[in-house]
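Biologist: Got a minute to walk me through this one? Let's have it up on screen first.

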Amino acid sequence: MNKTYCPSLTEYKRRLSREVKIGDLPMGGLNPIRVQSMTTVDTMDTLGSVEQTLRMVEAGCEYVRITAPSVKEAQNLLEIKKELRKRGCSVPLIADIHFTPNAAELAARIVEKVRVNPGNYADKKKFDVIEYTDSSYAAEVERIRERFRPLVQICKQYGTAMRIGTNHGSLSDRILSRYGDTPLGMVESALEFLRLCEEENYYDVVLSMKASNTQVMVQAYRLLVQKLDAEGLQPYPLHLGVTEAGEAEDGRIKSAVGIGTLLEDGLGDTVRVSLTEAPEAEAPVAKALIDRYTNRAQEAKPIRPLTSPPSPLSKREGGLALELVSDAKNLEASSPSLLERGLGGEVPIDPFQYHRRVTPEVLNLGGQNVPRVLVDISRLSSVEYADLRAVGHLYSAFLDKFQMNDLGADYLYSGQRPVPFMLPNGLKEVVDYTAWLDAGQRADHYPVLTPVEYAEAGPRHSELNFVFQNLDSLTPAALGQLRDDATAVIILYTDNAHAMPEIRRAFFELLTNGVTNPVIINRQYPALTPEQTQLYAATDVGGLLLDGLGDGVVLSTELLPERSKEEWLQTLDQLNQLSFGILQAARTRMSKTEYISCPSCGRTLFDLQETTAMIRKRTDHLKGVKIGIMGCIVNGPGEMADADYGYVGVGKGKIALYRGQEVIKKSVPEERAVDELIELMREDGRWLEKELLEEPVAG
């Protein structure tokens, strides 16, 4: 199968999509990547919808989506539009349609764009498994096409754009029966509708492949692009989003892992970040993700193609600040085709299916181990017992013992200043090679070597040695040495602005040369806002993890300016939590409760932010449990495909509780619903009482 899904795996190039006009603001083609969000006010509340739309536009939103679950809401879109235009706001409006073709056909005459979900537009989902013959399947597809055709004709007549938006959680029984719960099923669901659009010579179409599972979401978008090209269909623009990303830091990290991974490869023409927060909070996050690519092509250093000779090395002292002199500058005159040809015919990973890179186990790294978290504490001038709280290891002076929480780091990098006391069980220390030699080659310290130090014959730890490498240091000699070294774990880094693709390209070097050593992904950033650091690290590290690349992460501190010890500890706490958050968002290490919670919208039957906060307060100690919190049934049970339990609004003040996709309790009063949810977990043996980590007071 052709693995091509983007213009370049090494050079930053945006996919050139077809331009689609949406009101006076076109998207796709050579236009900037646009920002979109969705109102949460009841669509029948005209002034409330208008006021919220104006706040969203003020926050940077370029397209505003409004739900139209029935004809009456579709009709009221006209009143909302009139009032907005009267107030001088020309933002294009998008009607969000799910189960009601007649509402879509009305809305298409009013707004600039309609969004339809092929999983529930004239199709059905009862979680039935249906055996289809080819002829009965084709007959069902034709029935749906005929139900969809009038909308296509109306959109064409009125100059209205359309988004065919597949949701992983609302694939129809028909699609699930034939393709399963897969990225291919998502793509085929959209293509059935798209083929009819092309038959009708209607091309003002945008496509999306949303999922709450970042692996599925990224694979589906990639596969969609590949299928469009394979079938000779138009290069339609893509609307990017992770559904039900959640709130606060977790929601931002999860969004960046999914959306950022695709933006790195030049995919995406609009972005919507789905947070369980006020909609005006979404646009700035989307814009922060997008803005990173404004000058990426100019800032990126050319990435050495697979066939070019490795460059010479130069060493600069400074532990994680090690840099290598690269001759990549000499490639600036090279043509893109040369860079691409260097990748050879076959990319050594499958971009459409998750496979973790096979590595041997070195101590507790690689093999079947979860990815490990290494925290860089080398900038601390001194370390005391209590300081390890910042990396998830809590010291009780009363008990003179450590307790590790679920976000306890696995390794500390202390550089030239080893920690002056015995570390708690489960925490290991990494020191610079020179410090390891000076301290007498201690067995409980694991050295980290520069490429130059590694190339020289010298003492080694008998179990584990870390080695800094980047793409240019992976010379034939280094590759051969690594291949023969059962104790080596690579710390892979880059100083290229086009970071994720260069580290991925280094992984390709390892794969094509049969080097199987475990790899820690290392990224470092200058002083940024905490949110920028979250988004950038989640993109750079998460994008690699989604492709099964990486056995750990270290977000190092060498580019940060000097600060007080208290500020350093706060920074380390943030970086440690961020590392675990990225691993969780990429579905590679579940260390805390995951909340699959949708953003609010006009269909929502309870206060999502308040309810999510309440459920989180009661359940956030349940490591690895996934809880879906859905405001209505539209994406409810399906979008909770990955969730262990679900809390879904089914009527005013009424909640349905799910175990997986099976409804267990159908109409629970809202005031009792969280208690009933906990009782359900208790029945399943999944409930643990929350322990209060309180230190006894002496005397």
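Modeller: Here are some notes on the fold, one helix and the surface. Mind that this is a predicted model, where local features need pLDDT of at least 70, side-chain atom pairs count only at pLDDT 80 or more, and totals for chains, interfaces and linings use all residues. Residues are numbered from 1 along each chain as its sequence is written, and side-chain values use heavy atoms, with hydrogens and water left out.

Biologist: How many helices and strands in the chain?

Modeller: 20 helices and 23 strands. Those are DSSP runs numbered from the N terminus: helices are H or I with at least four residues, strands are E with at least two.

Biologist: Which strands close into a barrel?

Modeller: The order is E9-E12-E13-E14-E15-E16-E17-E18, 8 strands with parallel pairing. Pairing needs at least two DSSP bridges between two strands.

Biologist: And how many bridges between E14 and E15?

Modeller: E14 (residues 445-449) and E15 (residues 465-469) share 2 bridges. Val 448 sits opposite Phe 466 in E15.

Biologist: New topic: is H6 mostly covered or uncovered?

Modeller: Mostly covered, with 14 of its 17 residues buried. Buried is under 20% relative accessible area, exposed over 50%, partly exposed in between (1.4 Å probe, protein chains only).

Biologist: What comes after H6?

Modeller: Asn 201 follows H6, with a positive phi near 55 degrees.

Biologist: What share of the whole chain is buried?

Modeller: 61% of the 699 residues. The chain exposes about 26,500 Å², 51% of it supplied by carbon and sulfur atoms; such areas come from the Shrake-Rupley method with a 1.4 Å probe, and for residues only the protein chains shown count as cover.
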